[in-house]
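Reader: I am new to this structure and would like a close look at one single part of it, followed outward to whatever it meets. Please take it slowly and explain each term as it comes up.

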Amino acid sequence: MTRDELVNSANRLVKPSPEVQSCYERNIDRLAESVTNYLSARDDIEQLVGEHGVDMMIDNHRNHARFMAHLFKEYSGEVFVNTVLWVLKTYKAHGFQDIYWSAQIDCWLSVLKAMLDDADYQEIEPFYNWLVVHMAALQTYEEQVLEQA
């Protein structure tokens with residue numbers, strides 16, 4: 001999948017309503033902390049994030065929640081795709097494994113489902129589901145770019 005195809009696909013996502021945006025933003029600290037607690041408890045966390053990656057992972061969860069809150073307000077598929085590609089490249093350089101991203105997104109989905117009411121979750125879930133569906137393509141695209149550099 002090309003970068004343009006990824007952006008076109010992301011552009012089809014529907015921005016959450018202002019009420020849902022506010023709900024997500026009010027809960028970003030709790031959401032990020034819950035994701036961190038769940039993933040930190042995994043026996044294989046050092047294999048997923050590298051020997052010194054747990055602190056980076058914690059920062060990533062906080063930054064992710066803040067980024068998504070902003071993205072929901074000022075949605076752009078291009079910004080979404082470009083940011084995810086940058087994150088994948090940057091964290092991979094610090095020892096994060098590809099499998100971490102799938103584990104993390106699955107965790108976000110579980111935490112969101114548990115913490116948000118169903119109607120709010122239904123507006124947020126498509127963004128995380130988009131990541132689930134497109135993660136392999138995003139990782140492949142980023143690897144191809146790195147190989148060409």
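Author: A residue is called buried when its relative accessible area is under 20%, exposed when that area is over 50%, and partly exposed in between, with a 1.4 Å probe and protein chains only. R26, at 63% relative accessibility, therefore counts as exposed, and R26 lies in helix α2, which is the part I would like to follow here. This is a predicted model, in which local features need pLDDT of at least 70 and side-chain atom pairs count only at pLDDT 80 or more, while totals for chains, interfaces and linings use all residues. Residues are numbered from 1 along each chain as its sequence is written, and side-chain values use heavy atoms, with hydrogens and water left out.

Helix α2 covers residues 18-26; helices here are DSSP runs (H or I, at least four residues), numbered from the N terminus. Within α2, the residues V20, Q21, C23 and Y24 are buried. These four sit on the same side of α2, because they cover an arc of only 160° around the axis, where the arc is that of the directions from the helix axis to the C-beta atoms. On the other side of α2, P18 and E19 are exposed, together with the R26 already mentioned. An α-helix has 3.6 residues a turn, so residues three or four places apart point the same way.

From the buried side, the next step leads to the helix that α2 packs against. The axes of α2 and α5 are 9 Å apart and meet at an angle of about 165°, the axes being lines fitted to C-alpha atoms over the stretch in contact, with angles running from 0 to 180 degrees between N-to-C directions. That angle makes α2 roughly antiparallel to α5, since angles over 145 degrees count as roughly antiparallel, those under 35 as roughly parallel, those from 65 to 115 as roughly perpendicular, and the rest as oblique. On the α2 side the contact is made by Q21, Y24 and E25, and on the α5 side by H64, A65, M68, A69, F72 and K73, contact meaning heavy atoms within 4.5 Å. The crossing of α2 past α5 is left-handed, which is the word used when the near helix is turned anticlockwise from the far one by less than a right angle, whereas clockwise gives a right-handed crossing.

Y24 of α2 and M68 of α5 also lead further inward. Both are among the residues with the most contacts inside the largest nonpolar core, which has 50 residues, and F80, Y128, W130 and L138 are named beside them. Such a core is a set of buried Ala, Val, Leu, Ile, Met, Phe, Trp, Tyr and Cys residues joined through side-chain atoms within 4.5 Å. At least two residues of this core come from each of α1 (3-10), α2, α3 (28-40), α4 (45-49), α5 (54-73), α6 (77-93), α7 (98-115) and α8 (118-148).

M68 also takes part in a further packing, in which M56, N60, F67, M68 and L71 of α5 meet V79, F80, T83, V87 and Y91 of α6. Here the axes of α5 and α6 are 12 Å apart, at an angle of about 175°, so α5 is roughly antiparallel to α6. F80, for its part, touches A10, L13, F67, M68, L71, Y75, F127, W130 and L131, if residues up to four places away in sequence are not counted.

Distances help to place the ends of this picture. R30 belongs to helix α3 and is partly exposed, with a relative accessible area of 46%; R30 and M68 are 38 residues apart in sequence and 14 Å apart in space, C-alpha to C-alpha. The exposed R26 can be set beside H134, which is found in helix α8 and is buried, with a relative accessible area of 10%. The C-alpha atoms of R26 and H134 are separated by 28 Å, and the two residues are 108 residues apart along the chain.
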